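Reader: I would like a close look at a single part of this structure, with its polar contacts and salt bridges set out carefully. Please take one residue as the starting point and work outwards from there.

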Amino acid sequence: NFVAELAKAWPVDDLDAVLGLLDGKDVAGLRAIGAARYEPLIAAAGEARSALTALGALDVSAVLRAQLSDAAAVIASFGDAHAVTLDPTERHGFEYQRWIGFSFFADGVRGEIGRGGAYTVMHPDGHSEPAVGFSLYVDGLVDAGLGIVQPRRVLLPLGMAGASAALRADGWATVAALDTVSDARAFRCTHVWNGVEPVPI
């Protein structure tokens, strides 16, 4: 948690109170309890590069400065392909992370499509190992159409079942007709094999 690490250099009487006020983006509340020094964290939230610039201007520990540098390197690796925002006060749902937590969002999907972060794995022999993990929320991805493909199902007329192995290897679902009058649509087929290639119906 960025704020908890920051509090080592910016001591306050009641860290939990500060965290609660930061959750609510309550500037007046911070001033009222003598924690106005934390105000810039609220203002910094937003587009990632601007946020990192604002945070880099603060008087923070060497540990946080190194972590901000690491975060900047990761964000820079995305280029302009993705929109990235940063909120140094966000902590809900990221309680187990030792440093950065993140959420994924996508056009056309309400809410997060995934969440993760950096944490520490503690081994039975006592040594620790840094790790990063995330979970994807499949329901939202499916609702958005990810992974849905049009079926490719071909009817093989009587006597042409020998073509089935090659077609299946190419990703087709095959149905072998049992007579000469089989209706491809009745078998939910999208194509009929003409002896050379599948033909749409």
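Author: A polar contact here is a pair of N or O atoms within 3.5 Å, where, within protein, one must be able to donate a hydrogen and the other to accept it. The model is a predicted one, and the residue to start from is Thr89, which lies in the loop between β2 (85-86) and β3 (101-104). The side chain of Thr89 makes a polar contact with the side chain of Lys25 at 3.1 Å, and the side chain of Thr89 also makes a polar contact with the side chain of Asp87, at 2.8 Å. Because buried means under 20% relative accessible area, Thr89, at 3% relative accessibility, counts as buried. When its neighbours within four places in sequence are left aside, Thr89 is in contact with Val3, Leu22, Asp23, Lys25, Leu41 and Ile42.

The two polar partners of Thr89 are themselves paired, since Lys25 forms a salt bridge with Asp87 in which the closest N and O atoms are 3.2 Å apart. This pair links distant parts of the chain, with Lys25 in the loop between α2 (15-23) and α3 (27-32) and Asp87 in the loop between β2 and β3, 62 residues apart. Lys25 counts as partly exposed at 35% relative accessibility, and Asp87 likewise counts as partly exposed, at 26%, whereas Thr89 is buried.

Moving outwards to the other charged pairs, the count comes to 6 salt bridges. Among them is the one between Arg31 and Glu39, whose closest N and O atoms are 2.7 Å apart. In this pair Arg31 counts as exposed, because its relative accessibility is 54%, while Glu39 is buried, because its relative accessible area is 19%, a value that falls under the 20% limit.

Another salt bridge joins Asp59 to Arg37, with the closest N and O atoms 3.5 Å apart. Asp59 lies in the loop between α5 (48-56) and α6 (62-77) and Arg37 in the loop between α3 and α4 (39-44), so this pair ties together parts that are 22 residues apart in sequence. Asp59 is exposed, with a relative accessible area of 55%, and Arg37 is partly exposed, with a relative accessible area of 43%.

To return to the starting point, buried Thr89 has side-chain polar contacts with Lys25 and with Asp87, and Lys25 and Asp87 form a salt bridge with each other.

Key: Residues numbered from 1 in each chain as written. Predicted model: local features only at pLDDT ≥ 70, side-chain atom pairs only at ≥ 80, totals over all residues. Heavy atoms only, no water. Helix = DSSP H or I, 4+ residues; strand = E, 2+ residues; numbered from the N terminus. Buried < 20%, exposed > 50% of the residue type's maximum accessible area, 1.4 Å probe, protein only. Contact = heavy atoms within 4.5 Å. Salt bridge = Lys/Arg side-chain N within 4 Å of Asp/Glu carboxyl O.
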